[in-house]
Protein chains: 2
Amino acid sequence: MSTREHLVTAAKELLWERGYEAMSPRAVLERSGAGQGSLYHHFASKAQLAATALDEVSAEMQRTMRAILHASKPPLERVRDFLLQPRDALRGCRLGRLTQEQVLAEEILRSPLSAFFTAAERELAAVLEQAQQEGSLAAAVNVADLAATLIAVVQGGYVLARALQDPGQMERAIRGALTLLDAIEREE
Amino acid sequence: MSTREHLVTAAKELLWERGYEAMSPRAVLERSGAGQGSLYHHFASKAQLAATALDEVSAEMQRTMRAILHASKPPLERVRDFLLQPRDALRGCRLGRLTQEQVLAEEILRSPLSAFFTAAERELAAVLEQAQQEGSLAAAVNVADLAATLIAVVQGGYVLARALQDPGQMERAIRGALTLLDAIEREE
DNA sequence: GTCTATAGCAGGATAGAC
DNA sequence: GTCTATCCTGCTATAGAC
């Protein structure tokens, strides 16, 4: 792995653990094993490094999401798989955790987040629409709204789990969502 | 208002706008109009000031929540009122926005958050249970899970709205939740 | 209880030798 | 491309006069 790659890897870890503002260049250098000057040799600024790291994270998360939502299973089962995906609730979402930082104002840093959430909503809505087409979901349901709701449950699950320092909060939020999903499923 | 109260008021505003780590003592002094030395005269540390401010915020939010959930209306209508409460989606939740900060490790700063979310879940679950007792909600539903889910939708709505810089995201997440709620409501 | 002054440190970034 | 050294700034906090 090149020095540049080591830097990006370290940045990805630190962004997850501490967020953007608390990720100091010093910490990146220590974790990556790179020497002092190298960060500003490879990147113009801390923001550029973080943007590179977040682009990779966003791409990884989109791939994971797609793998689950495009599996060869009935659509609502894929939606349940999305909800039941294992999550490290106390760590928080790698992208969602950054939404409260000042830095969101900078376009290069917000765009990986917006790319992920846009894609996630679109894909989830598409699967819900498949469910409607095969008749397992009532046609009256607005799939875009429901997709937003389900993604919000996950993101909110992280918030609750961290606020209460209890990963069980995520599980409860997800269980509740699954119950609601059962209620709108149409038996064939 | 005393200097101390001015300091706390300024801290409440800044915690909402910027979060804890980005709230500098300097900014608190400027906003409150207090002189340099006065912060550390009235408070032992920035953390103590923030803890005082967050305790007030938590108490205010609990009062608001209670006012909605204890209204004299049918229980599920109160739950809908909770979901439909006006929110400044792009600003974020005054407490939920702090869940990703390092500072959560400090007990005095986490406890206002944990107090609010614990109370919110308890109160919401109680109202859902009333709905079960009067027969408007299926008895099979786990009210604690559902309460966590609904609070998560709101918190996740903030995350989505900020990530996409679009307050409509909150509205969609809420609308989806209302649709799901309709589906489990039992007509009398 | 409030003021001015400043300590001590870490932040992001740069210079210039090698 | 990597190293050591260092700049400037803003942070949290303290000292001590008034």
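This note covers the contact between chains A and B and the protein surface around DNA strand C.

1. **Basis.** This is a predicted model, where local features need pLDDT of at least 70, side-chain atom pairs count only at pLDDT 80 or more, and totals for chains, interfaces and linings use all residues. Residues are numbered from 1 along each chain as its sequence is written, chains are lettered from A and ligands numbered from 1 in the order in which they are written, and side-chain values use heavy atoms, without hydrogens and water.

2. **Extent of the interface.** In chain B, 43 residues are in contact with 43 residues of chain A (heavy atoms within 4.5 Å). The buried area is about 3,800 Å², and carbon and sulfur atoms give 63% of it (accessible area, 1.4 Å probe, lost on putting the two parts together, summed over both). Gln100(B), Val159(B) and Leu180(B) supply 18% of what chain B buries against chain A, more than any other three residues.

3. **Salt bridges.** The rule finds four across this interface (a side-chain nitrogen of Lys or Arg within 4 Å of a carboxyl oxygen of Asp or Glu). Glu121(B) forms a salt bridge with Arg172(A), with the closest N and O atoms 3.4 Å apart.

4. **DNA strand C.** The strand is surrounded by 14 residues; Pro25(A), Tyr40(A), Lys46(A), Gly35(B) and Gln36(B) are the closest (a heavy atom within 4 Å). Sugar and phosphate make up 62% of the strand's atoms that come within 4 Å of the protein.

5. **Polar atoms at the DNA.** A polar side-chain atom of Arg26(A) lies 3.1 Å from a base nitrogen of DNA strand C. For Tyr40(A), such an atom lies 2.6 Å from a phosphate oxygen of the strand. For Thr3(B), the distance to a phosphate oxygen is 2.8 Å.

Definitions and conventions. A polar contact is a pair of N or O atoms within 3.5 Å; within protein, one must be able to donate a hydrogen and the other to accept it, and residues adjacent in sequence count only if both atoms are side-chain atoms.
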